[in-house]
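Student: I have a protein model with a ligand in front of me. Could you guide me through its architecture step by step?

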Amino acid sequence: MSATSSASPRHSMPRDKLKFVLLEGIHRGAVELLKDDGYTQVVTSPKALAGDELVAAIADAHFLGIRSRTLLTDEVLARAPKLAAIGAFCIGTNQIDLRAAMRRGIPVFNAPFSNTRSVAELVIAEVVMLLRGIPHKNAALHRNEWLKSAERSFEVRGKTLGIVGYGHIGTQVGVLAEHLGMRVVFHDIEAKLSLGNARQLASLSAVLAESDVVTLHVPETPATQWMVGQAQIAAMRPGAHLINASRGTVVDIEALAAALESGHLHGAAVDVFPQEPKGNDTSFRSPLTHFDNVLLTPHIGGSTAEAQASIGLEVASKLLRYSNNGSTATAVNFPEVTLPEHTGRCRLLHIHRNVPGVMAAVNERFSLAGINIAAQYLRTNDEVGYVVIDVEADASQVALEQMCSVEGTIRCRTLY
Ligand SMILES: NC(=O)c1ccc[n+]([C@@H]2O[C@H](COP(=O)([O-])OP(=O)(O)OC[C@H]3O[C@@H](n4cnc5c(N)ncnc54)[C@H](O)[C@@H]3O)[C@@H](O)[C@H]2O)c1
Ligand SMILES: O=C(O)[C@H](O)COP(=O)(O)O
């Protein structure tokens, strides 16, 4: 495969010349899958990189794998000219400038539900722990203080769980909570099919007012940034608990700390933070470390053996499929083209600006050069078009040159 600009069309590169860079301790199963498929150049790092270190690491990478902590801005992408695709080995893709990647002709793939169950199980465990007051009692006992008491210790049965963001994780949490006998209410910006006896309420404030525990499962977007601040926490029931395993920017930590300090909230569980360390060798600071009644976890909602193994295979497979076959199915920022095998033919991939005349120019050039198009697949969005063309193998060089020199080309490459 080669990812080229219109100025320098090239033929396919052998798999062992293509470089994968996998950051943030991506599961070894991904590395094995890539190597088994002939991609021998796989460079790994256990932590997230930033600044010059990141730029140096991806300067000659064809494929990049990250998790939630590597920030891929347009400036960073501009310094990775060979980058053909990005794999987010997680659910969230807010750490990537998706539009910038699309404009550079780089599809982004993720694992939309491989760690869903892991997050849901952690949240359910936290609901039980918080309602029993375990974080506080556990911390006290570690200090040799014996707090045998039923004060502020409750069963979850019959209590109300408020879910904000009723998507993959939110629905799983709701189902598990009902199995424990909880009442489930939720808020989502979309009308959602309620599972079990869950009820969608009209507003966030209605959920806050009705819930003994509120758990957040929204993505990071402009609308969810700091969506739970002083006013929203004040609207929660006195003695309620807050759980955040979504993104650190969803909750105003200072407001949460103030509500814990005043006793308005009886506890919280927080897995994600506005600033998170890049690796395990960096120390962590937060106003929340001061509170015994707060369960703090280092963004490990999705960090189980099962989830990481599954994510490793899922996202590596998507990158392989794009590299070997051209398929962009399930890409989160790109026109999705699902393709059959192309045995015996040459496959040309062309990513272009979606402006009038590009496809006409491609087809006209092929026609003038006498190249027969065996199959053609096209998908576009507002800005970008992705066309895949199968031609007879002996026409591949001319076809690639014709296609890559069309005005509006962002990237083009060929597969065999
Ligand atoms: N802690 C972890 O390790 C961990 C693991 C996986 C995912 N996450 C985070 O959890 C988030 C949710 O994951 P998911 O798989 O359930 O996503 P999802 O896309 O399936 O569900 C998100 C839901 O939030 C809703 N939503 C969006 N904006 C909203 C708003 N402003 N108000 C109310 N609802 C809104 C959406 O309509 C959707 O139903 C991810 O985006 C990721 O940031 C964290
Ligand atoms: O978006 C996600 O899937 C979670 O936040 C997990 O991210 P991680 O892979 O960095 O743990």
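The following exchange moves from the whole protein to its cores, one residue and the ligand shell.

Student: Which helices and strands, by number, does the protein have?
Tutor: Please note at the outset that this is a predicted model. Its C-alpha trace spans about 85 × 45 × 30 Å along the principal axes. As for secondary structure, the count is 13 helices and 16 strands.

Student: What share of the contacts in the protein with a separation of 6 or more joins residues 24 or more positions apart?
Tutor: Consider burial beforehand: of the 416 residues, 45% are buried. Turning to contacts with a separation of 6 or more, the share from residues 24 or more positions apart is 66%.

Student: Which helix gives the most to the largest nonpolar core?
Tutor: The largest nonpolar core has 70 residues, and Ile86, Val108 and Leu348 have the most contacts inside it. Among helices and strands, the greatest contribution to this core is seven residues, and it comes from helix H11 (residues 305–325).

Student: How many residues does the second, separate core have?
Tutor: Leu348, from the largest core, touches residues including Ile389, Val391 and Met403. The second core is separate, and Ile169, Leu216, Leu265 and Leu295 are included in it. Its size is 47 residues.

Student: Is His352 buried or exposed?
Tutor: His352 lies in strand S13 (residues 345–353). A residue is buried if 20 or more other C-beta atoms lie within 10 Å of its own. His352 has 24 other C-beta atoms within 10 Å, and therefore its class is buried.

Student: How far apart in space are His352 and Arg411, C-alpha to C-alpha?
Tutor: Not counting residues up to four places away in sequence, His352 touches Val358, Gly385, Gly408, Thr409 and Ile410. Arg411 is 59 residues apart from His352 in sequence. In space, C-alpha to C-alpha, the distance between His352 and Arg411 is 6.8 Å.

Student: Which element gives the largest share of the shell around ligand 1?
Tutor: There are 31 residues around ligand 1, and Gly165, Gly167, Ile169, Pro219 and Gly301 come nearest. The elements giving two or more residues to this shell are helix H5 (116–132) and helix H7 (168–179). The largest share is three residues, and it comes from H7.

Student: How many charged residues does the shell around ligand 1 have?
Tutor: By class, the shell holds 11 nonpolar and 15 polar residues. The charged residues in the shell number five.

Definitions and conventions. Residues numbered from 1 in each chain as written. Chains lettered and ligands numbered in written order. Predicted model: local features only at pLDDT ≥ 70, side-chain atom pairs only at ≥ 80, totals over all residues. Near = placed C-beta within 6 Å. Helix = DSSP H or I, 4+ residues; strand = E, 2+ residues; numbered from the N terminus. Nonpolar A, V, L, I, M, F, W, Y, C, P; charged D, E, K, R; others polar. Buried ≥ 20, exposed ≤ 12 C-beta atoms within 10 Å, placed from the backbone. Contact = placed C-beta atoms within 7 Å. Core = buried A, V, L, I, M, F, W, Y, C linked by C-beta atoms within 7 Å.
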